Amino acid sequence: MTEEQEIFHRHIQKAGLKRTAQRDLILEVFLRTEEHLSSEDLYRLVQKEDPAIGQTTVYRTLKLLTDAGLAREVRFGDGRTRYEHNYKPPHHDHLICTACGKTIEFYSADMEALQDQIAAKHKFELTHHTMRMFGYCSECRKRRDLEREESAAEPRIRFASAPSTG
C-alpha cells in the first residue's frame with residue numbers, strides 16, 4: 001500500500017466512513033493521472049474501468065481526497081474547478097492557454113529567487129504562492145497566425161460580368 005493510500009484510508013476511517021472498492025479505484029485513477037482533472041474528467045476515466053461508479057461518488061471522493069490533503073483545487077479562470085496532486089508535490093507554477101485551455105506546469109529557480117527578493121524588500125514573510133500566467137500555447141499561436149495571414153490577404157472580388165464603367 002502506498003503512503004497516499006494509507007493517508008486516505010486513515011482519513012475516511014476518522015470520518016466514520018468505510019473503505020470501498022469504488023473509493024479505492026477513484027483514488028488509484030486519480031493518483032496515476034498527472035493532468036489537472038475536473039470531477040467530470042475523473043468520472044470519465046473511472047467509468048472506463050468501472051461503469052457502475054456514479055458521478056456523485058467520484059465528486060464526493062474528490063472532496064475526501066482534498067480534505068485528506070492528497071488533492072488540491074486549482075482554478076484557471078475558466079469557471080471550472082480542477083484538481084491536482086497535493087501530497088508532497090514539487091513546487092510548480094502554471095501557463096494557461098486562454099484559447100484551448102491547455103495547462104503547462106513549470107518551475108523556475110530564477111523566478112523563485114526573485115519572489116524571495118521582493119518579499120524580503122517589503123519585509124514580507126512568504127508562506128506560499130501560486131502563479132498563473134495566461135496566453136496562447138504554441139498550437140493556438142500557429143492557428144492565430146494562420147488566421148491573421150488569411151484575413152490580411154487582399155480580398156478577391158469576382159464579378160458575374162464585367163462591371164459597367166459608365
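Read from the N terminus, the elements of the chain follow the order α-α-α-α-β-β-β-β-α-β-α. The radius of gyration is 24 Å, well over the 15 Å that the globule rule gives for 166 residues, so the chain is more spread out than a compact globule. In all, there are 6 helices and 5 strands. The C-alpha trace gives a feel for the outline, spanning about 90 × 55 × 20 Å along its principal axes.

All of this comes from a predicted model, so a word on confidence is in order. The mean pLDDT of the chain is 86, with 90% of the residues at 70 or more. Among the elements, the highest mean pLDDT, 96, belongs to helix 3 (residues 39-49). At the other end of the scale sits helix 6 (residues 138-152), whose mean of 83 is the lowest.

How much of the chain is tucked away? Of the 166 residues, 28% count as buried. The chain exposes about 11,900 Å², and 51% of that area is supplied by carbon and sulfur atoms. As for contacts, taking those with a separation of 6 or more, 50% come from residues 24 or more positions apart. Charge can be tallied too: there are 26 positive and 27 negative side chains. The centres of these two sets lie 4 Å apart.

A handful of residues help to fill in the picture, starting at the N-terminal end of the numbering. Glu3 belongs to helix 1, which covers residues 3-14. With a relative accessibility of 41%, Glu3 counts as partly exposed. Which residues does Glu3 touch, once those up to four places away in sequence are set aside? The answer is Tyr87 and Lys88. Val46, by contrast, is 43 residues from Glu3 along the chain, and the C-alpha atoms of the two are separated by 21 Å.

Next comes helix 2 (residues 21-32), where Arg32 is found. Arg32 has a relative accessible area of 46%, which makes it partly exposed. From C-alpha to C-alpha, Arg32 and Phe124 are 37 Å apart in space, and their positions lie 92 residues apart in sequence as a separation.

Helix 4 (residues 55-67) offers a nice pair of threonines to look at. Thr61 is in this helix, and so is Thr56. Is Thr61 buried or exposed? Thr61 is buried, as its relative accessible area is 1%, and the cut-off for that label is under 20%. Outside its neighbours within four places in sequence, Thr61 is in contact with Phe8, Arg23 and Ile26. Phe8 falls in the stretch given for helix 1 (residues 3-14), while Arg23 and Ile26 fall in that of helix 2 (residues 21-32). Thr56, on the other hand, is partly exposed at 46% relative accessible area. Thr56 and Ser39 are 17 residues apart in sequence, with a C-alpha to C-alpha distance of 9.2 Å.

Moving on to the strands, Ile104 has its place in strand 4, which runs over residues 103-106. Its relative accessible area is 34%, so Ile104 is partly exposed. Leaving out residues up to four places away in sequence, Ile104 touches Asp93, His94 and Leu95. Just before those partners in the numbering is His92, which is 12 residues from Ile104 in sequence and 9.7 Å from it in space, C-alpha to C-alpha.

Finally, one loop residue deserves a look. Where is Lys123? Lys123 lies in the loop that links helix 5 (109-121) and strand 5 (132-135). The phi angle of Lys123 is near 50 degrees, a positive value in a residue other than glycine. Lys123 is also exposed, given a relative accessible area of 79%, where the label calls for over 50%.

Definitions and conventions:
Residues numbered from 1 in each chain as written. Predicted model: local features only at pLDDT ≥ 70, side-chain atom pairs only at ≥ 80, totals over all residues. Heavy atoms only, no water. pLDDT = per-residue confidence, 0-100. Helix = DSSP H or I, 4+ residues; strand = E, 2+ residues; numbered from the N terminus. Rg over C-alpha atoms; globule rule 2.2 N^0.38 Å. Buried < 20%, exposed > 50% of the residue type's maximum accessible area, 1.4 Å probe, protein only. Contact = heavy atoms within 4.5 Å. Areas by Shrake-Rupley, 256 points an atom, 1.4 Å probe, with all protein chains shown as cover. Lys, Arg positive; Asp, Glu negative; His and termini not counted. Charge placed at Lys NZ, Arg CZ, Asp CG, Glu CD.
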